[in-house]
Every structure is written in C-alpha cells, then in structure tokens.
Amino acid sequence: GGAAVQLSSSPDRSLPSFEVATIRPSRSESQGVSFQVAPMRFRAEHATVTDLIRFAYDVRSDDLLERGPHWTTVERFDVDAKIDDAQADATKKLAPSEQMNQYRLMLQTLLRDRFALKVEAETRELSVYALEVAKGGPRMTPSASSGTLPTLAGWSRGDVDAHGATMSLLSELLSGNEDVGRRVVIDATGLTRSFDFRLRWTPFARQMASETARSDDDKASLTTALKEQLGLELTARRAPVQVLVTIHVDHPSAN
C-alpha cells in the first residue's frame, strides 16, 4: 500500500460541512498548534493554513505536501466551527476513525469555501522506507479478535502497546517521524492480519537530550527495536508516492 492522499472531488456539495465557522488571526500566545475535535465542535488554535491542510488531508510527512505561498506557513489562525444537530447525530454513529474522517472532510470543505483552496494529487518518485519482514519472520502475536478497533498507545514516549494493529496502520504511524528521518513509510510486509505487540525504543528527541539518554540506556533506537522486538525492518528505496500540491489559496473570506 502506498501513501494515498484522500482527495474529495472538488465542487461536490454533498460533502459534509460545518454549520458555521469563525476564522480569526490567532491571538494565542502558545507556540504549539492545537486541534480539538468534540461531538459538536471543531477547533484549531495557532494553526497556519499549511497545518490546516495537513490535518484536512491527513498528510503524514513533509515530503507529501508541496506548500503554497510563504504566508500559508507563517500566518496563524484560530478556527472555531460548529456542526449542526443532524450532522452531529450521523457522525456519532460512526466508528472513531470514521468520525475523524468526517471532520477532515468538513475541514476540506471549509478550506475550499473560505480560503478558495484548490489542491491536486501528483504522483512523484520519492525516497521512502519500506516496512518489511526481517529474516526469521515476524515476532508479533496475531490478534484474536479481528473486528475491534486498533489501539496504539504511548507513541510519543517510545513505549507502544498495540492491540489489533495492521502493518498498514503501523507504517502510517511511522511515516513522517523524526525517527525515520521524516520519510514516508510504505507497508511492504505482505502481512494482512492484525497483531498485538509491545514496542519500546528511545525517541530521537530524547536521544538528543543527553540527561534523559543516560536513564534510557536499556532502550534501543526505533530501527533496532523494530527488528529485535517485532521482527520487522525498514529498507530504503524509491517508490511512487502521491503528493498533495497547492494550486490556489487566498486569505480567508469574512466570517
């Protein structure tokens, strides 16, 4: 599976949309960007248009987005959007991953309507990592229950407890991480079922902070941990990947 960009067909009015949304230049003092998704609301704080595009189109690596004009990477906005009751009721009935997809589609509509955003997907040959099964085979337990939603907790700490995870989900989560040089990771394992596993490693950011590195001596780098603990390896290769290209974008229209 490659990294496919989910593009909604542009002028389709049947796409989910927010009932009402205010967009303002951000007055937030915070450095970080925050996205809040609640049953009736969507909020983005201190977000650039590039951040909003990345969220809306689920762009997992810098390599997968050709950025628009300079202002879309520096000017920051707060977005506060509300969903109407019918949309909220319909969304609540969906599985969590599908709910998130609905919010992404609503944000795509907002970007199109208020920022006049036009994007296209282009296939390009990029340096990627292929997630493959290492010699000796996988060292993960096949999941007993196939129908349940996957859980992968503890990613930022470098201590992941995974239940019901597919290899395509694992490769999505690996994509764009500092630990893989921010490259796209494609699933080339050929493993179709889901697995339970625990993965412990020292995240790149913590390796850089020498104080914590000393107490983390027992934890390997991500590539070593994948091989030793899961029986998987990352192989550098070039592959065709879909890249999202910004064709047109304007400053937001009035609320």
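This report describes a sheet, the helices that pack on it, and a set of salt bridges in one protein model. The model is predicted, and the values given here are computed from it.

## The sheet and the helices on it

Four strands make up an open sheet, arranged in the order β1-β5-β3-β2 with antiparallel pairing. At the edges of this sheet stand β1 (20-25) and β2 (34-37), each of which pairs on one side only. Neighbouring strands are turned against each other by 5 degrees on average, when direction is ignored. Strands of a sheet are paired through backbone hydrogen bonds, and the pairing may be parallel or antiparallel. Within the sheet, strand β3 (residues 41-47) and strand β5 (residues 77-82) run antiparallel and are joined by five bridges, and Arg-41 stands opposite Lys-82 in β5.

Helix α1 packs on the sheet, where it touches β2, β3 and β5, and its direction makes about 140 degrees with that of β3. Helix α4, for its part, lies across β1, β2, β3 and β5, and runs at about 65 degrees to β1.

One residue of helix α1 (residues 49-56) can be followed in detail, namely Thr-50. Is Thr-50 buried or exposed? Its relative accessibility is 5%, so Thr-50 counts as buried. Leaving aside residues up to four places away in sequence, Thr-50 touches Leu-65, Arg-67, Thr-72 and Thr-73.

## The two faces of helix α3

Helix α3 (residues 85-92) has the buried residues Gln-87, Ala-88 and Thr-91. Why do they lie on the same side of α3? They cover an arc of only 100 degrees around the axis, and therefore share one side of the helix. In general, an α-helix has 3.6 residues a turn, so residues three or four places apart point the same way. The cover over the buried residues of α3 includes α4 (96-114), while the face turned away from the buried side carries the exposed residues Asp-85 and Ala-86. At the N-terminal end, α3 is capped by Asp-84, which has a side-chain oxygen 3.2 Å from the backbone nitrogen of Ala-86.

## Salt bridges

The model has a count of 18 salt bridges, and the table gives some of them with the distance between the closest nitrogen and oxygen atoms.

| Acidic residue | Basic residue | N to O distance |
|---|---|---|
| Asp-58 | Arg-60 | 2.8 Å |
| Glu-172 | Arg-60 | 3.0 Å |
| Glu-66 | Arg-124 | 2.7 Å |

Arg-60 forms a salt bridge with Asp-58 and another with Glu-172. Glu-172 lies in helix α5 (residues 167-174), whereas Arg-60 lies in the loop between α1 and β4 (65-66), so this pair ties together parts that are 112 residues apart in sequence. Asp-58, Arg-60, Arg-104 and Glu-172 are linked in a network of salt bridges. Within this network, Asp-58 is partly exposed with a relative accessible area of 29%, Arg-60 counts as partly exposed at 29% relative accessibility, and Glu-172 counts as partly exposed at 31%.

The side chains of Glu-66 and Arg-124 also meet in a salt bridge. Because Glu-66 lies in strand β4 and Arg-124 in strand β6 (residues 118-133), the pair ties together parts that are 58 residues apart in sequence. Glu-66 is partly exposed, its relative accessible area being 34%, and Arg-124 is likewise partly exposed, with 27%.

Terms used. Residues are numbered from 1 along each chain as its sequence is written. This is a predicted model: local features need pLDDT of at least 70, side-chain atom pairs count only at pLDDT 80 or more; totals for chains, interfaces and linings use all residues. Side-chain values use heavy atoms; hydrogens and water are left out. Helices (H or I, at least four residues) and strands (E, at least two) are DSSP runs, numbered from the N terminus. Buried means under 20% relative accessible area, exposed over 50%, partly exposed in between (1.4 Å probe, protein chains only). Contact means heavy atoms within 4.5 Å. A salt bridge is a side-chain nitrogen of Lys or Arg within 4 Å of a carboxyl oxygen of Asp or Glu. The arc is that of the directions from the helix axis to the C-beta atoms. A polar contact is a pair of N or O atoms within 3.5 Å; within protein, one must be able to donate a hydrogen and the other to accept it, and residues adjacent in sequence count only if both atoms are side-chain atoms. Two strands pair if DSSP finds at least two bridges between them. Axes are lines fitted to C-alpha atoms, for helices over the stretch in contact, and angles run from 0 to 180 degrees between N-to-C directions.
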